[in-house]
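Biologist: I should be grateful for a close look at a single helix and its surroundings, written for a first-year student. Please explain each term when it first appears.

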2 protein chains.
Amino acid sequence: MSSTGATVVSGADVAATIRKDVRARAAEMASAGRPPHLDVLLIGDDPASAWYAGAKRTLGRRLGIDVRIVRLAAETPASEAAAAVGRASDDAEVDGVIVELPLPPGIPLPPLCDRLDPAKDVDGITPANRAALFDGREDRALLPATALSCIRMIERCGRTVRGAAVAVVGRGPTVGRPLAAALITRHATVTVCHTRTHDLSLVLREAEVVVAAAGVPRLVTGAMIRPGAAVIDAGTNQVGDDLVGDVERDSVAAVAGALTPVPGGVGTVTTAMIMANVIRAIDLQRAGEGSAGVAAP
Amino acid sequence: MSSTGATVVSGADVAATIRKDVRARAAEMASAGRPPHLDVLLIGDDPASAWYAGAKRTLGRRLGIDVRIVRLAAETPASEAAAAVGRASDDAEVDGVIVELPLPPGIPLPPLCDRLDPAKDVDGITPANRAALFDGREDRALLPATALSCIRMIERCGRTVRGAAVAVVGRGPTVGRPLAAALITRHATVTVCHTRTHDLSLVLREAEVVVAAAGVPRLVTGAMIRPGAAVIDAGTNQVGDDLVGDVERDSVAAVAGALTPVPGGVGTVTTAMIMANVIRAIDLQRAGEGSAGVAAP
């Protein structure tokens, strides 16, 4: 198949559809009682984290979701950070809790996860939600927003996940691993590649869909891609003043059938997806109230 | 590469090595206090489950591990089954707890997992252990014995897991998914295929190592395999009076470089591996006693 340039598929439409649904549900909830409420824990001074927290507050305001940013100093003891997560989890006025990552050195994530109520875990980081995702029992789980967004972008590129040969480049806990699990559950044939993969090209050339989530700027090049493949760029790397993906845009665009841009692709959908997860959390909490004895996902 | 017949690699040596280590550690523990103790919960009348429970007791006796089989009727209410798991978990004289699977219809697994102490979960079924496995944080986790056994058998076949292209056929919660996660952590490039994979041969022919864990008798045939590949058969299917693997032995043996048999392959190692997990559980419990506030894996 010859290719005269990939279609660049932005995340704008998908994000707009998600936002529209969220706005309608949030308005419903506000008139039935109070608007949805998301707590964002921002620990330390990472400028990107502060930016992402602010973006959530801005989007929340547009959609009718109250977003409170809970700030803690970088020097906060791990036990106090965990206690802050516990307070947000225990607060009946808080529907969802998200911890901005990365955490400052000295604050490990697992003790924070242990204090996070799985039913309020809107980025799917708790053991209960991760185990449910991993085992393909998603019906009562909250799943990582970026992984869900990648799947929506695959579909937006016109590809059917079921039965597709998908290569996931990267095995991190935020995108690569959760995405691979979710794709397996959705009946894709999934290959996970990473820094120790002997010949990345050999693997990628077999893939109908490539998701780049390695955190390495411009790792995936046109020479590695099967002509006509859909290439989803889940990378967000700060290079100088630029935000750069994991895909070398020009060379891939010349070979691929479809390509998602950075910025304006997966990331755009992810912020909207977190708000959709807040709505889902409320729905699951309400469904759970009726089913005594069933533990969170 | 031409092949004049695969080496059939039994699990006997690997199992013997594991058993020798376990026996030495168990003797040490017995003389320092009491022997290790494993509770096996056997719910219902599945004859295969009863056989596996008995095999654990027999092996435990040989190795110096006390194994108690706790029997519950198939009609036991789910809440009582969960309570039995909770009692075993809370018993200071019990070091490890395993629930024989499959459970009778009407008893779902998740509520049982919720009552199982992750530190005593010697087959890695609790959310805490599964999340740790999934996220590649294995240092304080207990992992599913069959997945660990498959990895030992890959190595026994003379293959290096790091960097290997491994195809895992099957995505079940007992073998396929946990094995894929453990292989990714050990730096293999992993493809997970399953019933919805369009062309299994196309995927398997790229693999240096194939692990068959689909639960389908003789699914993997010689025509699908790359000459010289190592083929690990993790299937145990009852066909009439025979125990049959997921690999069509004769046709695969003509093409593969190495092949593990059924019976006498992965399964042989798995029973020994559960005993090794009992020892590991005790080691982790002791290490954990010194580190207040750190939750189980």
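Modeller: The account below takes one helix of chain B and then turns to two residues of chain A.

The structure is a predicted model, in which local features need pLDDT of at least 70 and side-chain atom pairs count only at pLDDT 80 or more, while totals for chains, interfaces and linings use all residues. Residues are numbered from 1 along each chain as its sequence is written, and chains are lettered from A and ligands numbered from 1 in the order in which they are written.

The helix is α6(B), residues 145-156 of chain B. Helices (H or I, at least four residues) and strands (E, at least two) are DSSP runs, numbered from the N terminus. With 12 residues, α6(B) reaches 16 Å from its first C-alpha to its last, close to the 16 Å expected at 1.5 Å a residue; the expected span is 1.5 Å times one less than the number of residues. After α6(B) comes Gly158(B), which has a positive phi near 85°.

Of the 12 residues in α6(B), 11 are buried, and the helix is mostly covered. A residue is buried if 20 or more other C-beta atoms lie within 10 Å of its own, exposed if 12 or fewer, and partly exposed in between, with C-beta atoms placed from the backbone. Among the buried residues are Ala147(B), Ile151(B), Ile154(B) and Arg156(B). The cover over them includes α1 (12-32), α7 (176-185), β7 (209-212), β8 (230-233) and α10 of chain B.

Two of these packings can be described in detail. Two packed helices are described by the angle between their axes and the distance between the axes. Axes are lines fitted to C-alpha atoms, for helices over the stretch in contact, and angles run from 0 to 180 degrees between N-to-C directions.

Against α10(B), residues 266-289, α6(B) packs at about 120°, with the axes 8 Å apart. That angle makes α6(B) oblique to α10(B): angles under 35 degrees count as roughly parallel, over 145 as roughly antiparallel, 65 to 115 as roughly perpendicular and the rest as oblique. The crossing of these two helices is right-handed; a crossing is left-handed if the near helix is turned anticlockwise from the far one by less than a right angle, and right-handed if clockwise. Residues making the contact include Leu148(B) and Met153(B) of α6(B), and Val269(B) and Met273(B) of α10(B). Two residues are in contact if their C-beta atoms, placed from the backbone, lie within 7 Å. By class, eight residues of this contact are nonpolar, four polar and one charged. Ala, Val, Leu, Ile, Met, Phe, Trp, Tyr, Cys and Pro count as nonpolar, Asp, Glu, Lys and Arg as charged, and the others, Gly among them, as polar.

Against α7(B), the angle is about 50° and the axes are 8 Å apart, so α6(B) and α7(B) are oblique to each other. Their crossing is right-handed. Here Ala147(B), Cys150(B) and Ile151(B) of α6(B) meet Pro178(B), Leu179(B) and Ala182(B) of α7(B). This contact has six nonpolar, no polar and no charged residues.

In chain A, Ile184(A) lies in helix α7. Ile184(A) is buried because 24 other C-beta atoms lie within 10 Å. Beyond its neighbours within four places in sequence, Ile184(A) is in contact with Val190(A), Arg171(B) and Val192(B).

Asp246(A) is in the loop between β10 (242-244) and α9 (249-253) of chain A. Asp246(A) counts as buried because it has 26 C-beta neighbours inside 10 Å.
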